Amino acid sequence: MGMDLTLLLHAITPSWTSVAMLLLYFTYLAIAGSILPGRIVPGATLSDGTRLQYRCNGLLLLVLLVFLLGIVGWIDLVSPTAIADRGLELLSTTLIFSVLVTNLLYMVGCRSRDQSSSLKSHITGNLIHDWWFGIQLNPQFMGLDLKFYFVRAGMMGWLLINLSILAKCIQENNLSQSMILYQLFCVLYILDYFFYEEYMTSTWDIIAERLGFMLVFGDIVWIPFTFSIQGWWLLRNKVELTTAAVIANCLVFFMGYLVFRGANKQKHVFKKNPKALIWGMPPKVIGGKLLVSGYWGIARHSNYLGDLLVALSFSLPCGISSPVPYFYPTYLFILLIWRERRDEARCAQKYKDIWAEYKKTVPWRILPYVY
Ligand code: NDP
């Protein structure tokens, strides 16, 4: 027992190698993110009428990064299993980094006299609250929108962890059907995320949440390290899947993906052009502002249902022998139920009567005919 604890402490203690890996990663994202070409997308209109500009070059950044890592792995400069070998160490290093970044954001936020909507300081005076939820809406660093930057780092980090786990699996001659399914679903989801990166500019996190520990930690620690739990678990556990289970698993993924992507796309397209066709027909709209066609006419926040099915499909390859690989869908379920309530409250306040009418027309939330 004493020995186990010593080993664990050793594995979790940050080393200079993990610090260097993390710094290189964040530096790459900052430099490549600001110089590589990408579509410039205007964000939501802020309360003072201004709009931030987002450079959506995430897909290019990711492909280039994986290519560069492939080369350094090929010439034996860096081992492809470097991340998988240092999982816990990288986790603690990233955690410390997220605390340091939040402290910095807190201090800069407190001192800022900027009155623009994106940088205005929101100080309640409750230190824990302000540190946790953040002080400024859209803090910038070297021309980069930090919220956009951190979520990008988290999503890419998740893929890098997965790829390193895959390399370790291959190295140990341990590649299973389950691992292939898990990897395949995740890579499709992550590539899709970057393909549609501009949709992020209209999500709750970007438009409504200030940048504090909750988001920084959520983006750079929680996303990459907990969404990959299934991969870590499959490294050490064997699962036999029947053909029927594989087919059912693929169906859950593709159905979930269709709803998730379809719903988010419909809303995004609608906000840009309220007359654009939805499923080949002119959209039904309430009060000129709320979409009642397509997925949004079946249930409010049906995009959350799609995301939940996709999350479930990431865990199903692990079978049902352990609850550990179900951590991600369970967490997402709790988060999205909570978020849906917060968003309902926000929309009820923002849209008033027309939101009440939308609720009457579309009574279901997330899961049609059930909730
Ligand atoms: P949404 O993209 O669902 O955005 C909610 C906003 O959309 C509302 O505040 C309102 O904003 C607008 N809206 C709601 N209903 C309508 C309607 N019928 N017509 C027009 N506009 C409407 O929220 P999120 O940012 O929470 O989620 C985005 C995606 O990210 C989801 O697919 C979610 O599943 C996913 N996600 C994933 C997480 C993960 O950990 N994997 C965590 C959180 C989210 P407005 O004021 O602009 O009208």
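1. Before you look at the ligand, one definition: a polar contact here is a pair of N or O atoms within 3.5 Å. Keep in mind, too, that this is a predicted model. With that cut-off in hand, take aspartate 343: a polar atom of its side chain sits 2.6 Å from an oxygen atom of the ligand. That pair counts as a polar contact because 2.6 Å falls within 3.5 Å.

2. Aspartate 343 has company. Aspartate 307 also places a polar side-chain atom 2.6 Å from a ligand oxygen. Then there is tyrosine 358, where an N or O atom of the side chain is 3.1 Å from a nitrogen atom of the ligand. How much of the ligand does the protein cover? On its own the ligand has 920 Å² of accessible area, and the protein covers 90% of that.

3. Now step back to the whole shell around the ligand. It is made of 28 residues, and the closest are Lys271, Tyr304, Asp307, Lys350 and Tyr351. Sorted by type, the shell has 16 nonpolar residues, four polar ones and eight charged ones.

4. Which elements supply the shell? At least two residues each come from helix H12 (243-272), strand S6 (290-291), helix H14 (302-315), helix H15 (327-351) and helix H16 (353-361). H15 gives the largest share, with eleven residues.

5. Helix H2 is a nice one for checking geometry. It runs over residues 16-35, which makes 20 residues, so at 1.5 Å a residue it should span 28 Å. The C-alpha atoms at its ends are indeed 28 Å apart, so the model agrees with the expectation.

6. Look at what H2 tucks away. Its buried residues are Ser18, Leu22, Tyr25, Phe26, Tyr28, Leu29, Ala30, Ala32 and Gly33. These pack against two strands, S2 (53-56) and S4 (144-145), as well as helices H3 (58-74), H5 (87-111), H7 (146-171) and H10 (213-226). Threonine 27 also belongs to H2, but its relative accessibility is 39%, so it counts as partly exposed. If you want a sense of scale, threonine 27 and threonine 330 are 303 residues apart in sequence, and their C-alpha atoms are 33 Å apart in space.

7. H5 deserves the same check. It has 25 residues and reaches 36 Å from first C-alpha to last, close to the 36 Å expected at 1.5 Å a residue. Its buried residues include Gly87, Glu89, Leu90, Val101 and Gly109.

8. Threonine 94 is another residue of H5. Is it buried or exposed? Threonine 94 has a relative accessible area of 2%, so it is buried. Leaving aside residues up to four places away in sequence, threonine 94 touches Leu22, Ile220, Val221 and Phe225. Leu22, you may recall, is one of the buried residues of H2.

9. Finally, two backbone oddities to look up yourself. Aspartate 76 is not a glycine, yet it has a positive phi of about 65 degrees. Isoleucine 366 is not a glycine either, and it too has a positive phi of about 65 degrees. Their surroundings are worth comparing. Aspartate 76 is in the loop between H3 and helix H4 (82-85), and at 68% relative accessibility it counts as exposed. Isoleucine 366 lies in the segment after H16, and at 5% relative accessibility it counts as buried.

Note on methods
Residues are numbered from 1 along each chain as its sequence is written. This is a predicted model: local features need pLDDT of at least 70, side-chain atom pairs count only at pLDDT 80 or more; totals for chains, interfaces and linings use all residues. Side-chain values use heavy atoms; hydrogens and water are left out. Helices (H or I, at least four residues) and strands (E, at least two) are DSSP runs, numbered from the N terminus. The expected span of a helix is 1.5 Å times one less than its number of residues. Buried means under 20% relative accessible area, exposed over 50%, partly exposed in between (1.4 Å probe, protein chains only). Contact means heavy atoms within 4.5 Å. A residue is near a molecule or strand if one of its heavy atoms lies within 4 Å of it. A polar contact is a pair of N or O atoms within 3.5 Å; within protein, one must be able to donate a hydrogen and the other to accept it, and residues adjacent in sequence count only if both atoms are side-chain atoms. Accessible areas come from the Shrake-Rupley method with a 1.4 Å probe; for residues, only the protein chains shown count as cover. Ala, Val, Leu, Ile, Met, Phe, Trp, Tyr, Cys and Pro count as nonpolar, Asp, Glu, Lys and Arg as charged, and the others, Gly among them, as polar.
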